[in-house]
Amino acid sequence: MTTATIRPSERRVSPVFLGILAVTAVTGWATWTGFAEQPGVAVFLFVTAAWIVSLCLHEYAHARTALHSGDITVGAKGYLTLNPLRYTHALLSIVLPVVFVIMGGIGLPGGAVFIERGRIRGRWRHSLISAAGPLTNVLFAVVCTAPFWLDALDGVPADFRFALAFLALLQVTAAILNFLPVPGLDGYGVLEPWLSYEVRRQVEPLAPFGLLIVFALLWIPAVNGVFFDLVDAVLRALGISDFDTYCGFELYRFWRGGDGLCSVTP
């Protein structure tokens with residue numbers, strides 16, 4: 001088994017991740033109960049912490065799939081501990097995705113774990129490693145939207161519902177963007193093993209700029225409109241209205257004061 005050389009300490013969940021999880025739980029409780037004096041602050045902390053949790057799980061899915069596919073080095077690199085500080089690029093993996101959420105309410109992916117692809121045999125395994133991350137975002141989105149498509153919102157406070165809707169929006173945008181066949185993103189990683197050597201060699205220089213290319217394209221109004229129309233269609237299919245996500249984003253950006261359209265807990 002490829003996992004035989006992984007020591008228990010290399011699997012132990014990091015206190016850093018447990019701390020982020022604790023922040024998510026406490027601020028989620030504060031949002032639900034209205035305990036926080038400023039509900040927007042609680043929503044901001046809850047959504048941000050939950051978003052970082054999803055980023056950690058995204059990268060863990062890559063690493064765990066790589067481990068079972070032949071790359072036993074992921075354990076020594078700390079990728080199985082869910083510690084975001086052990087990622088290859090902590091700035092790209094955690095800081096920039098959070099900044100993108102604050103700036104535009106978009107769940108942009110980040111680059112993180114380094115997989116030693118030379119240890120892995122078989123094109124399907126390579127594709128699965130790349131797909132594992134965004135599939136985690138899909139699963140996270142399903143969990144966040146479950147109360148909506150199950151019609152289980154009775155008794156759910158408005159602030160918590162709005163926060164959950166906005167968190168679901170982040171997961172859907174992250175999944176869609178991650179699956180784009182752009183060099184440097186997971187979607188291209190899924191396709192890359194099936195491309196010819198000549199195509200891969202020509203595309204390889206673009207990989208470091210893939211995320212920047214996507215970010216630049218989203219600034220184009222026409223592209224941005226088409227993208228969010230798709231996101232809204234997915235969310236509506238899952239029972240989340242535009243009003244829910246709008247109010248979630250307004251609550252999240254508590255420092256703006258809101259526009260009075262959303263019912264915010266006093």
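**Notebook: burial, helices and salt bridges**

I looked up E250 before anything else: E250 is buried, with a relative accessible area of 13%. I note that this is a predicted model, and the entries below should be read with that in mind.

**Entry on E250 and R253.** I next looked for the partner of E250. The side chains of E250 and R253 meet in a salt bridge, at 3.2 Å from N to O. R253 is buried too, with a relative accessible area of 13%. Both residues count as buried because that word applies under 20% relative accessible area.

**Entry on the other salt bridges.** I recorded a count of 5 salt bridges. One of them joins K77 to E116, with the closest N and O atoms 3.4 Å apart. This pair links distant parts of the chain: K77 lies in the loop between α3 (73–76) and α4, E116 lies in the loop between α4 and α5, and the two are 39 residues apart. I found E116 partly exposed, with a relative accessible area of 26%.

A further salt bridge is formed by R236 and D242, whose closest N and O atoms are 3.5 Å apart. I looked up the cover of each partner. R236 is partly exposed, at a relative accessible area of 47%, and D242 is also partly exposed, at 38%. As a general remark, side chains of opposite charge can pair when their charged atoms come close.

**Entry on the nonpolar core.** Which residues have the most contacts inside the largest nonpolar core? I listed V47, V74, L108, F166, L170 and V231, in a core of 66 residues. The elements that give two or more residues to this core are α1 (15–33), α2 (39–69), α4 (90–104), α5 (123–149), α6 (158–178), α9 (210–218), α10 (221–237) and α11 (242–252).

I then followed L170. Leaving aside neighbours within four places in sequence, L170 is in contact with V47, W51, V101, G105, I106 and G107. V47 thus appears both among the contacts of L170 and among the core residues with the most contacts.

**Entry on α2 and α6.** I checked the length of α2. At 1.5 Å a residue, its 31 residues should span 45 Å, and the end C-alpha atoms are 45 Å apart, which agrees. Of the 31 residues of α2, 25 are buried, so the helix is largely enclosed by the rest of the structure. After α2 comes G70, whose phi is positive, near 130 degrees.

I made the corresponding check on α6. This helix has 21 residues and reaches 30 Å from its first C-alpha to its last, close to the 30 Å expected at 1.5 Å a residue. I noted that α6 is mostly covered, with 19 of its 21 residues buried.

**Entry on α5.** I looked up two residues of this helix. T136 is found in α5 and is buried, with a relative accessible area of 18%. Not counting residues up to four places away in sequence, T136 touches L57, H58 and A61.

Is V143 buried or exposed? V143, which is also found in helix α5, is exposed, with a relative accessible area of 56%. I found V143 in a nonpolar surface patch of about 720 Å², made together with L135, V138, L139, V142, W149, L150 and F179. Helix α5 therefore holds a buried residue, T136, and an exposed one, V143.

Note on methods
Residues are numbered from 1 along each chain as its sequence is written. This is a predicted model: local features need pLDDT of at least 70, side-chain atom pairs count only at pLDDT 80 or more; totals for chains, interfaces and linings use all residues. Side-chain values use heavy atoms; hydrogens and water are left out. A nonpolar core is a set of buried Ala, Val, Leu, Ile, Met, Phe, Trp, Tyr and Cys residues joined through side-chain atoms within 4.5 Å. Buried means under 20% relative accessible area, exposed over 50%, partly exposed in between (1.4 Å probe, protein chains only). Helices (H or I, at least four residues) and strands (E, at least two) are DSSP runs, numbered from the N terminus. Contact means heavy atoms within 4.5 Å. Patches are made of residues with over 30% relative accessible area and no salt bridge: like charges are joined within 9 Å, nonpolar side chains (Val, Leu, Ile, Met, Phe, Trp, Tyr) within 5 Å. Accessible areas come from the Shrake-Rupley method with a 1.4 Å probe; for residues, only the protein chains shown count as cover. A salt bridge is a side-chain nitrogen of Lys or Arg within 4 Å of a carboxyl oxygen of Asp or Glu. The expected span of a helix is 1.5 Å times one less than its number of residues.
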